[in-house]
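Good morning, and thank you for making time for this presentation. I would ask you to keep the sequence and the structure in view while I speak.

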Amino acid sequence: MIRLLVRLTALSCLLLAPLAGAHAQIGDSSQPLDTIADRIENLDSEGRTILTGHVDITQGDRRIMADRVELVWTQPEDGSRGDIERVVATGHVRYFSPMQNATGDLGVYEMGQDTITLTGDVVITQGENVITTTRFVSNLTSGNSNFGEEGNGAPVRAVIYPRGSEPAPADGNGDGTGGL
């Protein structure tokens, strides 16, 4: 289950990465990247791109939605746009795929550390399996994941069905009900 949750989180960040450059994708690079937002603002001098208002990014059968998505770029000395170093999705963050869904209030992907953090009212589903927590951190390089925060008193709840039972795929239609 943890390995699948790591993939879930990695896919959500890789879905955002294509906004930065053609080399990033979420799998099937032949699929178009469809990005909708009320506003997209490029702040080249600050090394940021900000998408706000009903942000909805889809590629193939993967989708991420949030109130706001900010891409933070490295700023090479030659003045060119560098690589994405951080992706921050805030407000009603939702990720959908055919088999996994995740929701939270804030999602941050740190490229250099290869870590993903999802905080707030976090719900991760895969078929019938559900984990609820206030914080989920995953290192994509090591595969290590951490659910919950020490000392805040909020429990982590996991309902995991035994192998062999065939959970139904999550509904990744983006209507907010997918598997939740």
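I begin with a single pairing: M65 has R94 as its bridge partner in β5. That bridge belongs to a set of nine that join β4 to strand β5, residues 84-96, and the two strands run antiparallel. Please bear in mind throughout that this is a predicted model.

Let me place these strands in the chain. The protein chain has one helix and ten strands. Read from the N terminus, the order is α-β-β-β-β-β-β-β-β-β-β. Of the 180 residues, 41% count as buried. Among contacts between residues at least 6 apart in sequence, 45% join residues at least 24 apart. The accessible surface comes to about 9500 Å², and carbon and sulfur atoms account for 48% of that surface.

I return to strand β4, residues 62-73. Is this strand enclosed or open? Ten of its twelve residues are buried, so β4 is largely enclosed by the rest of the structure. Besides its pairing with β5, β4 is joined to β3 by ten bridges, again in an antiparallel arrangement. The hairpin of β3 and β4 has two residues between the strands, and in this hairpin G60 adopts a positive phi near 60°.

Now to one residue of β3, namely T49. T49 is found in strand β3, which covers residues 48-59, and stands opposite L71 in β4. Why does T49 count as buried? The relative accessible area of T49 is 7%, and the limit for a buried residue is under 20%, so T49 falls within that class. The side chain of T49 also makes a polar contact of 3.1 Å with the side chain of W73. Leaving aside neighbours within four places in sequence, T49 is in contact with I40, E41, N42, V69, E70, L71, W73 and R81.

Moving along the chain, we reach T74, which is placed in the loop between β4 and β5. Here the relative accessibility is 29%, and T74 counts as partly exposed. Which residues does T74 touch, not counting those up to four places away in sequence? They are R81, G82, D83 and E85. For T74 and E85, eleven residues apart along the chain, the C-alpha atoms are separated by 6.2 Å.

My next topic is aromatic geometry. A search of the whole structure finds one aromatic pair. The ring centres of F136 and F147 are 4.8 Å apart and the planes are at 35°, so the pair is tilted. F136 lies in strand β8, residues 129-139, and F147 in strand β9, residues 145-147, so the pair ties together parts that are eleven residues apart in sequence. F136 is buried, with a relative accessible area of 0%.

I close with confidence. The protein chain averages a pLDDT of 76, and 74% of the residues score at least 70. Over residues 1-28 the pLDDT stays under 50, and for this stretch the model has 66 contacts beyond four places in sequence. Over residues 176-180 the pLDDT is also below 50, and this stretch has twelve contacts in the model beyond near neighbours in sequence. Where pLDDT is low, the predicted coordinates should not be read in detail. Thank you for your attention.

Terms used. Residues are numbered from 1 along each chain as its sequence is written. This is a predicted model: local features need pLDDT of at least 70, side-chain atom pairs count only at pLDDT 80 or more; totals for chains, interfaces and linings use all residues. Side-chain values use heavy atoms; hydrogens and water are left out. Helices (H or I, at least four residues) and strands (E, at least two) are DSSP runs, numbered from the N terminus. Buried means under 20% relative accessible area, exposed over 50%, partly exposed in between (1.4 Å probe, protein chains only). A polar contact is a pair of N or O atoms within 3.5 Å; within protein, one must be able to donate a hydrogen and the other to accept it, and residues adjacent in sequence count only if both atoms are side-chain atoms. Contact means heavy atoms within 4.5 Å. Two strands pair if DSSP finds at least two bridges between them. Rings of Phe, Tyr and Trp (its six-membered ring) pair if their centres lie within 6.5 Å; planes under 30 degrees apart count as stacked, over 60 as edge-to-face and the rest as tilted. Accessible areas come from the Shrake-Rupley method with a 1.4 Å probe; for residues, only the protein chains shown count as cover. pLDDT is the predictor's confidence in each residue, from 0 to 100.
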